[in-house]
Amino acid sequence: MSQHFDVIVIGGGPGGYIAAIRSSQLGQKTACIDAWSNDQGGPALGGTCTNVGCIPSKALLQSSEHFEQAGHHFAEHGIQIKGLSLDLPTLLSRKDQVVKQNNDGIQYLFKKNKVTFFHGKGSFDSKVEGGYAIKVSSEKSQEVITAKHIIIATGSKARALPQAPFDEENVLSNDGALKIKAVPKKLVLIGSGVIGLEMGSVWRRLGSEVTILEGLPQFLGAVDEQIAKEAHKLFLKQGLKIELGVKVGDVKVGAKKVSINYTNAKGEAQSIDADKLIVSIGRIPQTDGLGLEHVGLAVDERGAIAVNDDCATTLPNVWAIGDVVRGPMLAHKAEEEGVAVAERIAGQHAHVNFNTVPWVIYTHPEIAWVGQTEQQLKSSGRGYKSGTFPFLANGRARALGDTTGMVKFLADDKTDEILGVHIIGPSASELIAEAVVAMEFRASSEDIARICHAHPSLSEATKEAALAVDKRTLNF
Ligand code: FAD
Ligand code: NAI
């Protein structure tokens with residue numbers, strides 16, 4: 001007899017593991033199947049985010065920022081360091097430890113919440129009476145389990161350049177980019193999106209000469225233009241070389257060198273050599289080997305599983321969440337969908353508000369935003385007011401010695417409802433939470449302007465930007 005569950009979740013990334021925990025909390029007998037293995041062949045729960053995404057990249061960003069601060073900024077505080085050097089193996093193994101703590105933490109959470117975990121690849125076997133049969137295959141065994149509800153949370157994988165497939169030795173995806181064993185002298189990245197800027201920053205701080213080749217003519221097109229312009233200026237000043245509007249041609253991969261031919265924005269043929277090439281041109285939904293054909297589930301033209309607003313697929317009781325469906329490829333978006341689907345299965349009426357999903361780029365300074373950009377408001381014709389406040393005028397930022405950037409508010413010109421908040425500056429990733437709460441409660445900029453913020457704190461820049469909407473800043 002195969003084991004029967006109320007809910008089987010395929011994929012143990014932030015979407016899947018959170019969906020499984022919430023499902024179990026709601027009294028459903030729940031299983032989660034995840035295929036990711038660590039170097040010893042054991043389970044490594046947490047998906048892309050924990051293993052080769054959010055967590056390891058933030059560990060490297062932190063370590064490399066410490067190195068940058070010690071090398072270039074401690075002296076401003078009167079701290080002199082002689083003989084500063086980089087121990088890359090320790091830096092990388094610290095990152096691996098952080099990943100492992102998170103992997104183990106999720107296994108603990110599964111035990112605590114009574115989620116049955118299967119380490120292996122899950123695939124649809126067939127439709128059965130009252131649900132679906134899912135095959136779980138690992139190197140050691142194969143078994144079939146059944147459930148009424150299936151949640152697909154199989155995530156995404158890096159998109160390769162057709163002319164330069166990943167070998168993770170010279171041509172690297174996000175995976176290889178997180179474990180380069182010696183700092184490359186020359187590093188080229190294709191794509192100046194989120195991964196390009198975060199990983200480009202890590203390796204530049206550690207000593208690489210970094211060039212980023214971007215296909216689009218504008219920098220960070222999805223970001224508020226004023227913020228993107230400021231970011232571009234700051235990144236160039238830091239030493240990142242960013243070429244916009246390029247067309248990448250042939251890529252020749254030698255034993256130790258990669259040569260990239262491209263046409264620049266003026267249409268001129270160019271060539272650049274690199275010790276390593278990172279390709280960060282977006283990600284594609286991961287549905288390989290899921291056996292969708294066995295139950296008649298199709299993918300759309302982007303390879304994503306088609307779902308409605310509630311994450312329901314075209315099959316009854318089959319749901320899909322996270323990177324494998326439409327919408328931003330973000331861990332917290334996957335988590336919110338996971339919770340919502342688990343609650344819907346349990347008969348509750350959950351809702352995910354896509355207008356208040358925050359974005360963060362963890363460069364230095366950090367870039368974070370929620371809601372609409374100024375260019376979006378202009379093109380939609382909606383009347384708006386804006387207010388900005390620079391960190392240069394914030395006491396805490398001065399004390400920290402970190403005064404780059406600004407907070408920008410966009411509010412409806414009649415009702416004053418906050419429509420978007422955009423931050424470039426210190427701790428933007430944390431500051432944005434206040435804006436998310438405000439927008440979730442449909443607050444006005446006046447509401448934020450009238451709330452008492454601790455002094456001295458970076459959050460006072462948020463309050464002052466809200467005051468700036470009404471042209472009444474107090475400290476600028
Ligand atoms: P994934 O995390 O991709 O998890 C899917 C899981 O399913 C994997 O473990 C996979 O092995 C497993 N799986 C796939 N097929 C099967 C199968 N057939 N059977 C069993 N298991 C299967 N987002 C943020 O919000 N913040 C960040 O700072 C951030 N940084 C990132 C940095 C990098 C370098 C990258 C690449 C991504 C980053 N992201 C970040 C994006 C984030 O990682 C994803 O949005 C998130 O992981 C998506 O979660 P998910 O659960 O949908 O899928
Ligand atoms: P991305 O979509 O952020 O950026 C890809 C960039 O590559 C774009 O600027 C695009 O114009 C460019 N591009 C595409 N094809 C190209 C080509 N052939 N030649 C030159 N340029 C080309 O994708 P990225 O950076 O790969 O990251 C994937 C996703 O992972 C992100 O969109 C995001 O959802 C997630 N992520 C989130 C992070 C965060 O939240 N801090 C960090 C890293 C990744």
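**Domains, interface and cavity in a predicted model**

**View 1. The chain and its three parts.** In this predicted model, the chain is divided into domain 1 (4-157 + 284-352), domain 2 (171-281) and domain 3 (356-469), with bounds taken from an automatic or database domain assignment. Local features need pLDDT of at least 70, and side-chain atom pairs count only at pLDDT 80 or more, while totals for chains, interfaces and linings use all residues. Residues are numbered from 1 along each chain as its sequence is written, and side-chain values use heavy atoms, leaving out hydrogens and water.

**View 2. Where domain 1 meets domain 2.** The C-alpha centres of domain 1 and domain 2 lie 28 Å apart, and 16 residues of domain 1 are in contact (heavy atoms within 4.5 Å) with 16 residues of domain 2. Between domain 1 and domain 2 about 1,300 Å² is buried, with 65% of that area coming from carbon and sulfur atoms; buried area is the accessible area (1.4 Å probe) that two parts lose on being put together, summed over both. On the side of domain 1, V52, L61 and L88 lose the most area to domain 2, together 34% of what that side buries.

**View 3. Salt bridges.** Three salt bridges are counted between domain 1 and domain 2, each a side-chain nitrogen of Lys or Arg within 4 Å of a carboxyl oxygen of Asp or Glu. A salt bridge joins the side chains of E68 and R204, at 3.2 Å from N to O.

**View 4. Residues around the largest cavity.** The lining of the largest cavity includes A158, S173, N174, I195 and R283, where a cavity is a set of points on a 1 Å grid over the protein atoms alone at which a 1.4 Å probe fits but cannot get out, and lining residues have an atom within 4 Å of a point.

Technical notes: Chains are lettered from A and ligands numbered from 1 in the order in which they are written. On a 1 Å grid over the protein atoms alone, a cavity is a set of points where a 1.4 Å probe fits but cannot get out, and a pocket is an open set with protein on both sides within 12 Å along at least five of seven lines; lining residues have an atom within 4 Å of a point.
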